Amino acid sequence: MITLYHSTHSTCSQKVRICLAEKGLTWTGHHLNLRAFDQLKPEFLALNSAGLVPVLVDGGQVLTESRIINEYLEDAYAQPRLSPESAHARARMRLWTKYADDVASEAVKLPSFVKNIQPGLQRMPREEALATIARIPNEHIRARWRKAATEGISADDLKPSIGRLTEMVERMDDALQDAPWLAGEEYSLADIDIAPFVQRLVRIDLFGLVAARPRVNDWYARITSRPTYASAMPPAGSEGGSIEPA
Ligand SMILES: N[C@@H](CCC(=O)N[C@@H](CS)C(=O)NCC(=O)O)C(=O)O
């Protein structure tokens with residue numbers, strides 16, 4: 001039995017839900033409200049001491065890190081295949097999944113916080129918010145929440161994120177020059193792992209980066225029209241509904 005601890009609007013959870021849907025796997029979900037700090041509850045920290053979603057439990061084994069979870073699903077449930085056949089294309093796929101993990105995931109955080117978290121957080125009693133934030137295990141993540149709760153994330157703070165997201169779309173545009181999917185001829189984990197960050201551009205008012213690039217726009221239209229994608233993702237632009245960090 002597969003159990004997923006996740007959050008509707010968390011991009012990292014979305015990567016895993018798309019992969020589960022593509023594999024046709026059934027799973028039981030435990031939804032965490034990240035804005036209400038469900039991720040800091042002892043029962044969740046017992047599963048992932050980092051206090052981050054997603055967490056996947058399969059056959060009693062606990063897995064964290066969305067990229068690793070998707071690689072695990074690909075290894076454990078081989079069909080339908082979500083890795084290209086050729087070794088070169090597989091390497092390209094892994095460069096994209098690493099990029100999604102290292103760069104794209106981090107780049108959407110601050111703009112997402114400004115839209116989704118900061119306003120509500122600043123309405124909370126300051127002492128209460130800071131006391132909860134002090135329990136966040138990771139120093140870097142704790143600092144982000146603290147800044148949002150206190151002086152706030154400024155337009156200047158967002159500039160590096162916007163630069164990285166622009167670079168993400170440019171890299172996609174380059175990759176899609178010669179092939180329909182990011183790793184080449186075949187749809188793969190590369191497309192799955194990057195898709196939630198592209199969809200997030202809608203919510204953070206940066207979708208113009210995609211709209212201005214016909215190849216990326218076409219990729220987005222193809223990926224979002226897959227029934228598996230629709231089943232795993234909230235509708236484009238709905239991220240304001242149930243508010244989560246990233
Ligand atoms: N590298 C991790 C990152 C996980 C992560 O950042 N999760 C976010 C949601 S996308 C989270 O749980 N945030 C909780 C918080 O900021 O306290 C992965 O890919 O799984």
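Okay, before anything else, one definition: I'll say a charge sits over a ring if NZ of Lys or CZ of Arg is within 6 Å of the ring centre and within 35 degrees of the ring normal. Keep in mind too that what's on the screen is a predicted model.

So, with that rule, who sits where? R144 lies over the face of F113, at 5.8 Å from the ring centre. There's another one: R222 over the face of W181, at 4.6 Å from the ring centre.

Let's stay with F113. Which ring does F113 pair with? That's W145, and the pair is edge-to-face, 5.0 Å centre to centre with 80° between the planes. This pair ties together distant parts of the chain, 32 residues apart: F113 sits in helix α5, residues 109-123, and W145 in helix α7, residues 139-149. Are these two buried or exposed? F113 counts as buried because its relative accessibility is 2%, and W145, at 3%, is buried as well.

Now add F37, since F37, F113 and W145 make up one aromatic cluster. F37 comes from the loop between β2 (28-31) and α2. Its phi is near 65°, a positive value in a residue other than glycine. With 7% relative accessibility, F37 counts as buried too.

You can compare that with D205, in the loop between α9 and α10 (208-211). D205 also has a positive phi, near 60°, and isn't a glycine. But D205 counts as exposed, because its relative accessibility is 56% and the cut-off for exposed is over 50%.

Back to rings for a second. The count comes to 6 aromatic pairs. One of them is W96 with Y99, edge-to-face again, at 5.8 Å centre to centre and 85° between the planes. Why are W96 and Y99 about one helical turn apart? Because they're 3 residues apart in helix α4, residues 87-107. Both W96 and Y99 are buried.

W96 brings me to M172. Skipping neighbours within four places in sequence, M172 is in contact with W96, L182, I194, V198, V216 and W219. And M172 is one of the residues with the most contacts inside the largest nonpolar core, which has 47 residues; L56, L165, M168, I194 and W219 are on that list as well. Helix α9, residues 189-203, gives the largest share of this core, 8 residues. So where does the core lie? Domain 1 (2-76) and domain 2 (87-232) both contribute residues, so it lies between them. There's also a second, separate core of 14 residues, and W145 turns up there, along with L121, I136 and A149.

Next up, helix α1, residues 11-23. At 1.5 Å a residue, its 13 residues should span 18 Å, and the end C-alpha atoms are 19 Å apart, which agrees. How many of its residues are buried? It's 12 of the 13, so to speak mostly covered. Charged-looking names are in there too: K15, R17, E22 and K23 are among the buried ones. The cover includes β1 (2-6), β3 (55-58), α3 (66-76), α4, α9 and α12 (227-232). Right after α1 comes G24, with a positive phi near 70°.

Last thing, the cis peptide bonds. One runs from V53 to P54, omega near 5°, and P54 is in the loop between α2 (42-45) and β3. Another runs from Q79 to P80, omega near -10°, with P80 in the loop between α3 and α4.

Key:
Residues numbered from 1 in each chain as written. Predicted model: local features only at pLDDT ≥ 70, side-chain atom pairs only at ≥ 80, totals over all residues. Heavy atoms only, no water. Core = buried A, V, L, I, M, F, W, Y, C linked by side-chain atoms within 4.5 Å. Buried < 20%, exposed > 50% of the residue type's maximum accessible area, 1.4 Å probe, protein only. Helix = DSSP H or I, 4+ residues; strand = E, 2+ residues; numbered from the N terminus. Domains from an automatic or database assignment. Contact = heavy atoms within 4.5 Å. Phe/Tyr/Trp six-rings, centres within 6.5 Å; stacked < 30°, edge-to-face > 60°. Expected span 1.5 Å × (residues − 1).
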